Amino acid sequence: MSGPILAPGSRAGAELMEKAVKGRSLWDDARRRLLRNGAAVTGMVVLALLVLIALIGPYLVPFSYDQINKDDVWAAPLTAGHLLGADSLGRDLLARLLMGLRVSLAIGLVATLVSLVIGIVWGAVAGYVGGALDEVMMRVVDVLYSLPFIFFVILLMVTFGSNIILIFVAIGAVEWLTMSRIVRGQTLGLKHKEFVEAARAAGLGQGAIIARHIVPNLLGPVVVYVTLTIPAVILAESFLSFLGLGVQPPMASLGTLIAGGAQDMELAPWLLIFPSLTMVVTLMSFNFIGDGLRDAIDPKDR
């Protein structure tokens, strides 16, 4: 059965014609595609719950993450008032897990923002200016790429000391390399577009063109890369904490909890199981969101 026929001069017909002419914007289309991706939506819901739990959870637990209880050493889950058990010092695992999740998410977010700022500025300037400056800037990136990632981070932390702020900076100062290459490649394709040529003809300087026209048009690939960088940063921090170079006691992160759980695995397996499951769920959520964003924004999938 065919739909109702609208008169050409009717208001409803005019509205339909207007919508047909306007069409859907790139971001509207990407949002619809993202919301149709079940894995990505599940990842967003789970991640939102994890963030909420990390923010308010420590205030709801009757124990502090650094509270030592000698009578509760290696208490099993659901005993002595410890929902997930206690560690070798009698500290409540749930309280430490919630604090560890908060710290790991904060490290992932802040370190990614550091890499984002450095990478976007470096890559956009190199790609837009080009010439000798581009060559020098990208050779610097190549040299830094040749250094082993973990060696560079450990060198920074050994030189300047180990504290949580330095972990943010150290990991972010390494992760910007890939971001700069992505941004440079996108900038090379944008700088000869008509809207950039029009801005140049209007007399805008290079800095204004980069800030107003180049960077806003890089948001698509940048957003996708950010969602994939955060789990990589969390894994990097976990590896450093596993080596004893990350977050220092009594502060906890998912990495320190997994490291401690691995040492006491035979006596108290729950100390390894719960932090590991939390890490897996967190990383999978970010990866599902990143894959969904990539599929939604990539024009080849349209």
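These are my notebook entries on a predicted model of a single chain.

**Entry 1: the whole chain**

I began with the secondary structure. The chain has twelve helices and zero strands. Reading from the N terminus, I therefore wrote the elements down as α-α-α-α-α-α-α-α-α-α-α-α.

Next I looked up burial. The chain has 302 residues, and 42% of them count as buried. For the accessible surface I noted about 16100 Å², with 69% of that area belonging to carbon and sulfur atoms.

Then I turned to contacts along the sequence. Taking contacts with a separation of 6 or more, I found that 69% are between residues 24 or more positions apart.

**Entry 2: Ser238**

I picked out one residue to follow up. Ser238 sits in helix 10, which covers residues 219-242. Is Ser238 buried or exposed? Its relative accessible area is 9%, and the cut-off for buried is under 20%, so Ser238 is buried.

Where does the side chain of Ser238 reach? I traced it to the backbone oxygen of Ile234, at 2.8 Å. Setting aside neighbours within four places in sequence, I listed Gly255 and Met279 as residues in contact with Ser238. Happily, both names come back in the next entry or its helices: Gly255 falls in the range of helix 11, residues 254-263, and Met279 is listed for helix 12.

**Entry 3: helix 11 against helix 12**

For a packed pair, I look up the angle between the axes and the distance between the axes. Helix 11 (residues 254-263) packs with helix 12 (residues 270-297) at an angle of about 150°, and their axes are 8 Å apart. Angles over 145 degrees count as roughly antiparallel, so that is how I describe helix 11 and helix 12. Their contact draws on Leu254, Leu257, Ile258, Gly261 and Ala262 from helix 11. Helix 12 contributes Leu271, Leu272, Pro275, Ser276, Thr278 and Met279. I also noted that the crossing of helix 11 and helix 12 is left-handed.

**Entry 4: helix 4 against helix 5**

I finished with another pair. Helix 4 spans residues 93-129 and helix 5 spans residues 131-146. Their axes come within 7 Å and cross at roughly 145°. What is the handedness of the crossing of helix 4 and helix 5? I have it down as left-handed. On the helix 4 side, the contact is made by Trp122, Val125, Ala126, Gly127 and Val129. On the helix 5 side, I listed Gly131, Leu133, Asp134, Met137, Met138, Val140 and Val141.

Terms used:
Residues are numbered from 1 along each chain as its sequence is written. This is a predicted model: local features need pLDDT of at least 70, side-chain atom pairs count only at pLDDT 80 or more; totals for chains, interfaces and linings use all residues. Side-chain values use heavy atoms; hydrogens and water are left out. Helices (H or I, at least four residues) and strands (E, at least two) are DSSP runs, numbered from the N terminus. Buried means under 20% relative accessible area, exposed over 50%, partly exposed in between (1.4 Å probe, protein chains only). Contact means heavy atoms within 4.5 Å. Accessible areas come from the Shrake-Rupley method with a 1.4 Å probe; for residues, only the protein chains shown count as cover. A polar contact is a pair of N or O atoms within 3.5 Å; within protein, one must be able to donate a hydrogen and the other to accept it, and residues adjacent in sequence count only if both atoms are side-chain atoms. Axes are lines fitted to C-alpha atoms, for helices over the stretch in contact, and angles run from 0 to 180 degrees between N-to-C directions. Angles under 35 degrees count as roughly parallel, over 145 as roughly antiparallel, 65 to 115 as roughly perpendicular and the rest as oblique. A crossing is left-handed if the near helix is turned anticlockwise from the far one by less than a right angle, and right-handed if clockwise.
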